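Visitor: Please pick one part of this model and take me through it slowly, then show me how it sits in the rest. I'd like the cut-offs along the way, too.

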4 protein chains.
Amino acid sequence: MRDPAHAAPIDTVRVRVPRAVREREMRDVAAALFAERGYHGTSMDEIAVRSGVSKPMVYEYFGSKEGIYLACVAEAEKGLIESMERAVSAETAPDRQLWAGATAFFTFVEEQREGWSVLFEEAPSKDGAFAEAAKRIRRRQAQVIGRLMSASAEAAGAQIKPDEIDAIAHALVGAGEAMAMWWREHPETERDVVVLRLVNFALLGVGSLLAGERWTP
Amino acid sequence: MRDPAHAAPIDTVRVRVPRAVREREMRDVAAALFAERGYHGTSMDEIAVRSGVSKPMVYEYFGSKEGIYLACVAEAEKGLIESMERAVSAETAPDRQLWAGATAFFTFVEEQREGWSVLFEEAPSKDGAFAEAAKRIRRRQAQVIGRLMSASAEAAGAQIKPDEIDAIAHALVGAGEAMAMWWREHPETERDVVVLRLVNFALLGVGSLLAGERWTP
Amino acid sequence: MRDPAHAAPIDTVRVRVPRAVREREMRDVAAALFAERGYHGTSMDEIAVRSGVSKPMVYEYFGSKEGIYLACVAEAEKGLIESMERAVSAETAPDRQLWAGATAFFTFVEEQREGWSVLFEEAPSKDGAFAEAAKRIRRRQAQVIGRLMSASAEAAGAQIKPDEIDAIAHALVGAGEAMAMWWREHPETERDVVVLRLVNFALLGVGSLLAGERWTP
Amino acid sequence: MRDPAHAAPIDTVRVRVPRAVREREMRDVAAALFAERGYHGTSMDEIAVRSGVSKPMVYEYFGSKEGIYLACVAEAEKGLIESMERAVSAETAPDRQLWAGATAFFTFVEEQREGWSVLFEEAPSKDGAFAEAAKRIRRRQAQVIGRLMSASAEAAGAQIKPDEIDAIAHALVGAGEAMAMWWREHPETERDVVVLRLVNFALLGVGSLLAGERWTP
DNA sequence: GATGAATGAGGATTCATTCAT
DNA sequence: CATGAATGAATCCTCATTCAT
């Protein structure tokens with residue numbers, strides 16, 4: 001009945017799609033759904049239907065719902081971390097690295113809204129694997145920031161305990177996350193403004209800290 | 001911990017318990033479960049069984065699962081906010097208010113582990129009412145902090161836009177939240193140390209900001 | 001705390017309401033609810049709340065949901081049948097009795113919308129007692145009509161089997177019911193028009209109707 | 001009644017049954033249950049069990065309880081209307097069409113007891129979709145009858161308002177329905193007798209009937 | 001490689017009805 | 001007389017996951 005000479009459009013009937021492509025399509029569909037409705041609000045059925053494949057395919061490729069969710073997380077995580085790493089690399093002048101890192105972060109927030117949602121908004125945090133992933137993401141961000149701070153301290157000849165640097169780095173990452181949420185509620189604000197607010201807040205604080213200033217009650 | 005002379009364990013058969021009492025018992029049970037397993041990991045069935053009542057009672061008193069969850073949130077929120085408000089009230093010396101507020105916050109984190117979990121760890125953030133609640137909690141914390149900052153700025157004769165104060169306050173709240181998570185992973189750290197790290201980070205940063213210092217790329 | 005001299009309005013707190021009054025109030029509330037939402041759509045809870053009494057009162061007075069529903073049916077039935085009986089009584093000229101009966105019927109439909117609904121629209125007909133009630137109502141209407149027909153036949157000296165009269169009477173009652181439904185969908189039609197259509201149809205038959213014959217009171 | 005050689009009993013374990021077949025089986029089972037116990041008296045669980053499938057299958061195929069009920073209604077409706085249409089088609093002599101239509105109707109009542117029940121006995125009439133369906137069925141029957149009447153009127157050169165025809169057609173349909181119920185209570189009566197009573201009532205009216213006039217096919 | 005068919009298990013919610021006071 | 005407190009029992013529905021073809 002079907003005339004092979006007049007092939008159906010590729011998004012209607014596709015044969016022999018390479019595994020990597022299929023996988024990516026499915027993951028993108030899933031990420032969009034997770035971002036829109038959250039983990040529990042998304043069903044495997046819907047992922048399959050929207051991906052144009054049958055459900056067993058989704059299982060074949062990702063093993064489970066958790067699997068596909070974590071794949072989405074990993075993808076977004078990779079994008080965020082790589083972008084931050086690049087920003088704070090040696091190619092950036094030392095005194096601009098924090099600023100560059102923050103810019104990378106907020107650029108991700110702005111441009112990869114989906115990825116941001118998957119990473120920070122709906123992790124069913126009580127479930128082992130998800131909580132782990134969330135912690136890991138924050139830790140990796142904190143490491144990027146922590147390295148900056150360590151270098152800075154070293155350059156200033158200050159002695160700061162790694163443990164303290166780690167804690168402060170986490171705090172800074174949390175501040176960034178919170179400011180990103182604030183930004184979502186105030187979308188009229190320019191990205192540069194948001195970046196500068198965070199950087200100033202952090203730089204001046206961290207700077208004084210590194211310089212040895214301390215407040216005690 | 002429970003004094004049998006004053007309160008029968010909830011798995012004892014008791015009938016005709018006044019509404020207010022039962023309601024509180026049920027809410028406490030629910031809070032513990034939500035904190036332990038998250039919203040989706042907790043079933044109404046279990047809340048009922050552990051409360052020693054039948055499911056219809058739970059519905060009679062809270063209307064729905066969302067209802068009882070939000071009741072738990074409201075309770076914890078009240079505890080946290082009131083405690084922070086008290087700490088930063090006029091009875092505290094101005095230069096110690098931020099410290100007092102942070103202490104109140106981390107004390108809550110330490111002592112009301114359950115409340116903390118319910119408030120910050122498992123809100124199904126994509127669902128309207130839950131997301132609203134989460135935002136509201138952060139906003140209220142930010143307001144407490146923001147008032148401090150405004151007063152401080154005024155005292156220093158500085159002109160800071162309310163919008164900026166609001167954003168920074170949110171960032172600071174986020175920093176506290178992140179530091180609380182860090183603390184969870186490093187439980188050997190003393191509370192006072194955590195408090196001071198956050199306060200120093202914030203105070204020196206905020207202080208410089210309020211003093212008009214600015215970094216630009 | 002309450003000052004008996006300043007008694008609460010009677011619809012807020014009422015004491016010692018005579019049984020008959022309470023009963024009637026409750027039945028009226030129930031009838032309204034049944035008419036609006038059907039039997040299954042109405043809950044005992046709602047009947048109690050709207051009646052301003054506790055649920056056990058409703059059970060005390062009517063025994064069960066079925067009980068209160070059947071009480072509503074009985075009340076409406078009484079109204080309808082009595083009104084039809086009156087209309088076709090000896091006080092009405094014989095040749096106007098059918099017309100008078102139909103008028104009584106459609107008047108009931110028009111004025112006791114609630115009663116009509118309870119009687120004809122939501123009987124869960126599969127449940128023994130309800131089906132019985134529905135049949136009884138139709139039978140009683142058919143009896144009223146059947147007596148007319150018998151008298152008429154006798155007057156004309158015709159011999160019609162009671163069984164046939166009964167069947168035709170039921171058909172006529174069904175025709176009336178159907179026309180009442182039609183009327184609901186065409187509320188702009190005058191009651192007299194509806195009555196005359198039914199009466200003419202019954203008296204003359206479709207054939208005569210189409211031939212232009214008409215009976216008028 | 002079931003021929004084991006052609007159709008395995010539905011309580012035999014069968015897997016991989018094509019959708020269309022399963023769907024039909026499920027609908028038939030459901031129709032039987034609805035007819036026997038009414039809508040509210042039937043549970044999805046029972047439909048599933050008796051169909052030899054699991055509940056999710058029922059939902060997969062019909063979406064909801066309302067869905068499967070309406071599917072039963074549609075099926076029965078189709079049978080009834082098609083049969084009536086066929087009876088009154090041009091292939092039947094004009095003066096016998098009403099009789100043929102009535103015969104089709106009562107044949108349906110007799111032979112498709114289940115369908116009849118689903119169509120006319122337990123629609124939860126207060127619920128939107130069900131009430132709509134019930135109205136639609138009556139309307140469609142009335143249309144079949146109405147067309148007959150219009151043709152008849154035209155042939156006789158009479159001018160009858162469509163609105164009046166519609167109303168009378170509905171009344172006639174209601175008369176048929178009522179007579180069908182009467183028949184249920186008097187199952188010893190022959191179908192032809194019932195048909196003739198209705199047709200005579202409709203064609204001649206009570207008056208002529210009482211006067212002894214009779215139409216016969 | 002790919003899918004239509006199928007399900008076990010569980011979850012939220014509602015209701016008619018009855019105690020104990 | 002009157003009620004607030006309480007429940008057993010269902011019901012509808014959904015979902016992640018797998019088998020048979």
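Guide: Let's get the shaky bit out of the way: over residues 1–13 of chain A, pLDDT stays under 50 (pLDDT is the predictor's confidence in each residue, from 0 to 100). For that stretch the model has one contact beyond four places in sequence, where a contact means that the C-beta atoms of two residues, placed from the backbone, lie within 7 Å. This is a predicted model, in which local features need pLDDT of at least 70 and side-chain atom pairs count only at pLDDT 80 or more, while totals for chains, interfaces and linings use all residues. As for labels, residues are numbered from 1 along each chain as its sequence is written, chains are lettered from A, and ligands are numbered from 1 in the order in which they are written.

Chain A as a whole has a mean pLDDT of 85, with 84% of its residues at 70 or more. It is built from nine helices and zero strands; helices are DSSP runs of H or I with at least four residues, strands are runs of E with at least two, and both are numbered from the N terminus. Within chain A, confidence is highest in helix α4 (residues 65–87), at a mean of 95, and lowest in helix α9 (residues 191–210), at 80. Of its 217 residues, 41% count as buried. The cut-offs there: buried takes 20 or more other C-beta atoms within 10 Å of the residue's own, exposed takes 12 or fewer, and partly exposed is in between, with C-beta atoms placed from the backbone. Among contacts in chain A between residues at least 6 apart in sequence, 64% join residues at least 24 apart.

Now the close look: the place where chain C meets chain D. Here 42 residues of chain C are in contact with 42 residues of chain D. On the chain C side, α7 (128–156), α8 (162–185) and α9 (191–210) each supply at least two residues, and α8(C) gives the most, with 13. By class, that side has 24 nonpolar, 11 polar and seven charged residues. Ala, Val, Leu, Ile, Met, Phe, Trp, Tyr, Cys and Pro count as nonpolar, Asp, Glu, Lys and Arg as charged, and the others, Gly among them, as polar.

How are the two copies related? A turn of 180 degrees with a shift of 0.0 Å along the axis lays chain C on chain D, at an RMSD of 0.2 Å; the fit is least squares on C-alpha atoms of residues with pLDDT of at least 70 in both copies. So the relation is that of a two-fold axis. In chain C, C:Gly205 has the C-alpha nearest that axis, 1.6 Å away. Both copies use the same surface, as 100% of the contact residues of chain C recur in chain D.

Zoom in on helix α8 of chain D, where D:His170 lies. D:His170 counts as buried because it has 26 C-beta neighbours inside 10 Å. Leaving aside neighbours within four places in sequence, D:His170 is in contact with C:Ala178, C:Met179 and C:Trp182 in chain C, and with D:Arg138 and D:Ala142 in chain D. D:His170 and D:Ile145 are 25 residues apart in sequence, but 8.4 Å apart C-alpha to C-alpha. D:Asp163 is in helix α8 as well, which spans residues 162–185. D:Asp163 counts as partly exposed because its C-beta neighbours inside 10 Å number 13.

Now for the packing. The largest nonpolar core has 126 residues, and C:Ala175 and D:Ala175 have the most contacts inside it. Such a core is a set of buried Ala, Val, Leu, Ile, Met, Phe, Trp, Tyr and Cys residues joined through C-beta atoms within 7 Å. Not counting residues up to four places away in sequence, C:Ala175 touches C:Leu198, C:Phe201 and C:Ala202, plus D:Ala171, D:Leu172, D:Gly174 and D:Ala175. A separate core of 124 residues includes A:Met181, A:Val194, A:Ala202 and B:Trp116.

Finally, the DNA. Strand E is surrounded by 36 residues, the closest being A:Pro56, B:Pro56, C:Ser43, D:Arg19 and D:Ser54; near means a C-beta atom, placed from the backbone, within 6 Å. α3(D) gives the largest share of that surface, four residues. Around strand F there are 38 residues, with A:Ser43, B:Arg19, B:Pro56, C:Pro56 and D:Pro56 coming nearest, and α3(B) gives the largest share, four residues.
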